[in-house]
Structures are given as structure tokens and as C-alpha cells.
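Here are a few notes to go with your first look at this one. They cover some aromatic rings, a couple of charges and one strand.

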Amino acid sequence: MYKRLFSVLFSAALGCTTAIAQRADNYLPTNNCNVKLTETNLPIAFINVGGKTIQREERITARLKIINNKDGKNYGDTIAHPNQLADYDGYIALKYRGNTSFTSSDKKPYGFKTLAQTLEAGGKKQKVKLLGMGKDNDWAFLAPYSDKSMIRDVLTFELGRPYFGYTPHSRFVEIVIDGTYYGVYILSERPGKGMSRLNLNDPGSDDGDLTGDYHVEIDRNDEVIYYTSPYRPLGKDGQPNYQRSVVYQYDDPDGEDLQKMPAANREAIDKAINDMETSFTLDNYTDPEVGYRKYINTTSFIDYMLSTEFSFNIDGYRLSTHLYKYSDTRAAKEGLDNRWQATLWDFNIAYGNANYNDGNVTNLWQYDFNSRFTDDQQVPFWWKKLLDDPAFMAEVQARWKEYRQGAYSDANIEAKINELTTQLTSGGAIDRNEQAWKMFGRWVWPNYYVGNSYADEINYLKQWIHRRVAFLDMKLLPRDADFKTAPLTLADGACNADIIVEATPAASHVTRSIDSWRTFYTKAVRDNGGLPNDGKLTSAAKVDYQLGDYAKNNVVVVQEGEHRRINFATPQRTGYLYLLTTSTSGASQLSVVLNYADGTVSEAQTIDVRDWSVTNPQGDEAYPSLGYIETSTDKLSDRFRYCLFENSLIADASKQLAGFTVTRISGGQAYIFAASRVVPQSETGIAAVTGSQQPTITGYYTPDGMKTSRPTSGLYIVRYSDGTSRKVVVK
């Protein structure tokens, strides 16, 4: 009888009314808890808790069996298919895990430790390999819920893996608890001390040096004990914010372990953190012998920065930020780096997935979080010090170029997304998860975008990444020698307002003001803070623009909810379209669809336009330091903090771009002043070739001159070993 019951518990989808199924306080899938899991390409994780309530603080004994057949066909009915391969079949110590991923999601994540015996019998831990991942006893079942793509965490780990000393490995699985189907989860390693992970040694003493290695995490002050930095984060004014602190949690050894150890162990960790932070306060903090480079592995911190900025992780730098180091003694003996390094964790609300803290935008920097928000958790002061070091920023730019030629190339990003989504769709896992949780078409915290299908969610993710990469390329990649832009002339009637004052009285030279009673002026009115008299300007990113005739309507005002079609006087080819913009009454967000001369249109792309008044410049303003004039009194401002901004859009360079349709989604009043394009290196000589026909090819480049990996299709500039280049269509 017992064996029969045990088999039933390891079979899928017996229904929510089964006597041994989990109760409601164990967070059942309430939308449809009778999902039938018959066959799947993903491993199946059967968890048997015998009806016990899973706890958040205390672990309970459970039984875990992971089915993973070599042919990739796994069956939910373990009675009908009794001879399936069990990747693991044993005891675990199970609990809920996570902060907001627990409190704000119906679908709860789990943490578990693999055991050689039950907790009741002593709970001896057992290190095991799971689904090909390195041997350890500390694991997590991540529960993608607000992340409806279900791949944000895994995508980040996979793209970052070639560059970090360690990034967590993970596998998609489908979970069944006490016979009830719980959906798609991510079985994941956690950053920790194990040999196949961070490979940290336990604390000890050797010739007066505490040889334990250290792993800490910048996060909240919600642990038993933690380290509070004596150095305050910088506030919106760039000065120390004495209302906020930066907290380091102890991970390895953790707070509970440290309380049982001699005080010297904790003191050693605290000193290692303090030495690192103090190095940034020195006058000569950039000196490699005594400054910050003595204490941090700069490449590792750059890699963390680029992964954080690529994904625009709004928790980055200030939450779930894992740092680790090897002791001086061990490093000397084993030839290791004794400086602090970083690794990756927790990206489920990144990539435009959050509707707060600018989480959806693609044209801001997360490292500059403190200048925009005063949350309890702030970015440590030393990130600003790093970015103020020209040598560090030169390394950032060089590393991003390396990224774009490697794992972060357009082709590899696309391929990795397709690979991960195929795993989830090819065997119906996404459909079953949707039956259980009904996620699509409804908002769950903290979604910015709500797609009606999985395809919608993936399309949004891809488009967001395209825009983000374009922003990072524009800011971090050096321009190719052939990079050239040209203004695009807007067709007659495209502009609907005159807001630039070219002479006084101001009221006689504009049809409206830009911000109730203020607007821009030209140098003919006053040189300081004025726009060029001829309307020709070049942005900080070296993009050329031509403003409209000051005596006529010279700007496009986008009304709320309006779908406004803007045509160019002459259609042109380009791979990138740039718009010169600004916003008043706060930042605004626009949706832009590109219109091609052949009648086709692009997917909608979202751009975020900052407010024209900039109290804390971010360094990426297109045309800064402008003033304003009061239209009713002709009074000129004595503050020159008003700006024009630049937004880039990806275009199909194989087509003639005729114009665009813009819609204001939200925010303040939006204005478009001018447009420009990246000029293709050649407008003629287009040839049809395949990606493998040219053995002497030395590189493929996008139409704006950025090198990319071998493309699959589209328009590219191909350079050859003899120094020549030409435009080709790769099929």
C-alpha cells in the first residue's frame, strides 16, 4: 500500500481535490489546478511533501524525484512509465525563498538542500549533481511569474558566462507537488562557496591570517547581522545622503555561522569591505598601487556593470549584488586573485519589465539611480568614483566592444533567445504553465508591458533589447572611421508649431511656448544659451541635424493619444534613425512606427524623452546648456540647464525610409525638433551573396559601421582582406 501511495505522489496532475494535494495556504495554482502533464521535453521535478505546509522560514523534509530521459521525452504518469531515468531521487530540505519574488507573486519560488537523510533523522547534507550541473547541496527553484518571457534570468546568465569567473547554471523544469501541476520553474545554482561555484574555503586561521574566503551581498538590512558601510551613498545633489546607508549581507560565511565563530572572523570580513571602500576616498584613488585597483578586480566589476546596464536591472548595484574574494594567504599559495570580484543574480524584473524606477526605459543608466530616486536601497558611492576615472571608462568601452563581437552580438543574442524560448514552447510547457496560472493578458507586479500571448512577450523583450543595445553602442562604442550622418528634411506641413524665438518681442515670433510661458531662443536673441542661428547643430554623439525654419512652424508637438504621421521630403535608406527631442511637464514616452516607401511598416519601438530641465546632467544630453525666454515679458533666464535629447531607432537599411508615425503613450508634452540618419557607406553596388561565399571576408558591419558577428540575413557592409569593402545583402 505504501509503495502504491508513493507512486501516486510522483505522478502528475491528480487534481486539486486529491486528499494529499497541497492546501490553499501552500499557494496552489488557483486558475486551473487540474492541468494534465502527459509528456514534455523538459525534465519533471516531482516533489512529495505528503500534504505538509511548506514554510518560508523553516525547512521541511520533502522527497524530490527528477525525471530526465535521454531521448528528451519525459512522462508525467510514472505508473504507466515506471522505467524512466531519475536524475535525482532523494530527500531535500525545502522552504520558500525570495523577497519580492515571494510576496508579489502567486507562483512561489523554493530553496532546497539535498539530504542524505531526513531532517528528523539528523538532516545530513549531501552534495549531488542535478541535470548536469556541478555537485552541490544548495539549490533553488526560481518561479518566473512577473517575468512572462520566463527567460530573463537564464538569458543573463548565459550571455555573461564567457566573461565571469562564475555565473549560475540553470535548467528549465516542470514541477509537480503532491500530484498537482505547478508549472514551469528554473532549477538553478545559487551563488555560493561550493567547488563548482565560487570555490570558497571555510574560515580558519593560518599564521595569523584568517584564511576563510568571503562572499557578501549588497542588499537590505533584513538579516540577523550585517555590515553597514560608514560611507553614505550619494544623493540627488551628488553629495553624501545621510538619510540612507549601504548594507552588506554576509553570505559565506552567513550571519548565523558568524555568530558561532570567534569575533575575529567577522572583523576580518568587515575590514576587507572597509579597505576596499576606503581606497575610493583617497586623493590618489586611481593609483594602481594604493587606490581601488589594489582591492577590486576591475574587469569583474566592468562585467557586472555591463550585464546590469545591458539589462537595465533596476535592482542593480544596490540589491542582490554579490561580491566575493579569496584570502590573501590562499591567493598567494594558489595563484588566485585576492581582490573583490562580482557575479550575477536576480534579473527577473530587468529588461523593461518594471513599471517603476524608470524600469521600462532604454536610454538611461542604472548606475545613476541615486540622482533620480531616493529609495531605501541606494547605489554605493564608489560606483560614481569608478565612472569618474577616465582609465576605467576606457576599459568599459573596450570591454563592450569585445562583448559586441562575442556573446552580445546581435546574432548571438537573437539565437540565445530563440534557443531558450524553443525549449519552453516545443513541448507545450508554456501552454501548460498558462493553463495553471493564466498570466497573459493581465497585469501582475511590476509589469510595464502586458502581452496577450507568449509571442507578444518575447517580441517586446527582443524589441526592448534592440533599443537598449543601440543606446549602449551609441554611448560606448567608438565611431567607425566611415560613420557619417545626414539631416533628414521633414516634409511640408509635418511641423505643427513654432516654438523657437529668433527675435523680440518673443510673442510675435512663436505660435506657442514650450512650457506654459517659456521657450527656447536663438543666438540672435542672446548668444549664451541660444540655438544656432542657421539651425545647424551636431549632438554630443556626433549626429548632424538641421532645425526647421525659425520663421515658420519648426517643431512637431505630439498630443496625448495622437497618432501623428511625419513624412520626410525625400525617402532615404538608413540602418539608424535619430530624432532630436525634448519633453516638458516631466518625461514622456513615445511609440514610433517606421514607414517605408514600399508601404511596409516596422514593429513599434518605444522611446523615452527626458524633461528639458536637467538639474543633474547625465553626460548623454544631445545639446545641453540652453536657456529659456519668457514669451510674454521677453525676460531671459539666468540658468542654462535646458536640453535637447537624442533618441535612436533601428531601421531596415534595405528599404527606403519614408517617415514615421508617432504616438505619445504617457508623460509630459513631447516635442520632435529634427531627424537625422546614418548614411550607408555606399548607395550602390548591392550584391546578393550568402554568408559563406567570401573566404577573404575579414568582418561584417552594420550600416552605421558597427562590427557584428556573421549575420544570417539582411544588409551589411562586408570588409575584405585586401582592404576593400562593399555593401551586400546576406540571404
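1. Start with Tyr367: at a relative accessible area of 22%, this residue is partly exposed, because buried would need a value under 20%. Keep in mind while reading that the model is predicted.

2. Now look at what Tyr367 pairs with. Its ring and that of Trp365 form a stacked aromatic pair, with 5.3 Å from centre to centre and 25° between the planes. Trp365 itself is buried, its relative accessible area being 6%. So here a buried residue stacks with a partly exposed one.

3. How many aromatic pairs does a search of the whole structure find? The count is 40. If you're wondering how such pairs get described, two values do the job: the distance of the centres and the angle of the planes.

4. Another pair worth a look is Phe280 with Tyr292. The ring centres are 5.1 Å apart and the planes meet at 10°, so this pair counts as stacked. Phe280 and Tyr292 both sit in the loop between α5 (263-279) and α6 (298-311), twelve residues apart, and the pair is one that links distant parts of the chain. Both residues are buried.

5. Phe280 and Tyr292 also belong to one aromatic cluster. Its other members are Tyr231, Tyr285, Phe301, Tyr304, Tyr317, Phe381, Trp382 and Trp383. Try picking them out together in the viewer.

6. Tyr285, from that cluster, has a charge for company: the charged end of Lys385 sits over its ring, 4.2 Å from the centre. Elsewhere, Lys108 lies over the face of Phe102, with 4.6 Å to the ring centre.

7. Next, strand β17 (residues 321-325). Is it enclosed or open? Five of its five residues are buried, so the strand is largely enclosed by the rest of the structure. In a regular strand, side chains alternate between the two faces of the sheet. For β17 both faces are covered: Thr321, Leu323 and Lys325 are buried on one side, His322 and Tyr324 on the other.

8. Which strands does β17 pair with? One is β14 (residues 214-219), joined to β17 by five bridges and running antiparallel to it. Another is β18 (residues 341-343), also antiparallel, with three bridges.

9. Leu323 is a handy landmark for finding your way around here. Val216 stands opposite Leu323 of β17, and in β18 the bridge partner of Leu323 is Ala342. Leu323 is also among the buried residues of β17.

Conventions. Residues numbered from 1 in each chain as written. Predicted model: local features only at pLDDT ≥ 70, side-chain atom pairs only at ≥ 80, totals over all residues. Heavy atoms only, no water. Phe/Tyr/Trp six-rings, centres within 6.5 Å; stacked < 30°, edge-to-face > 60°. Helix = DSSP H or I, 4+ residues; strand = E, 2+ residues; numbered from the N terminus. Buried < 20%, exposed > 50% of the residue type's maximum accessible area, 1.4 Å probe, protein only. Lys NZ or Arg CZ within 6 Å of the ring centre and 35° of its normal. Pairing = 2+ DSSP bridges.
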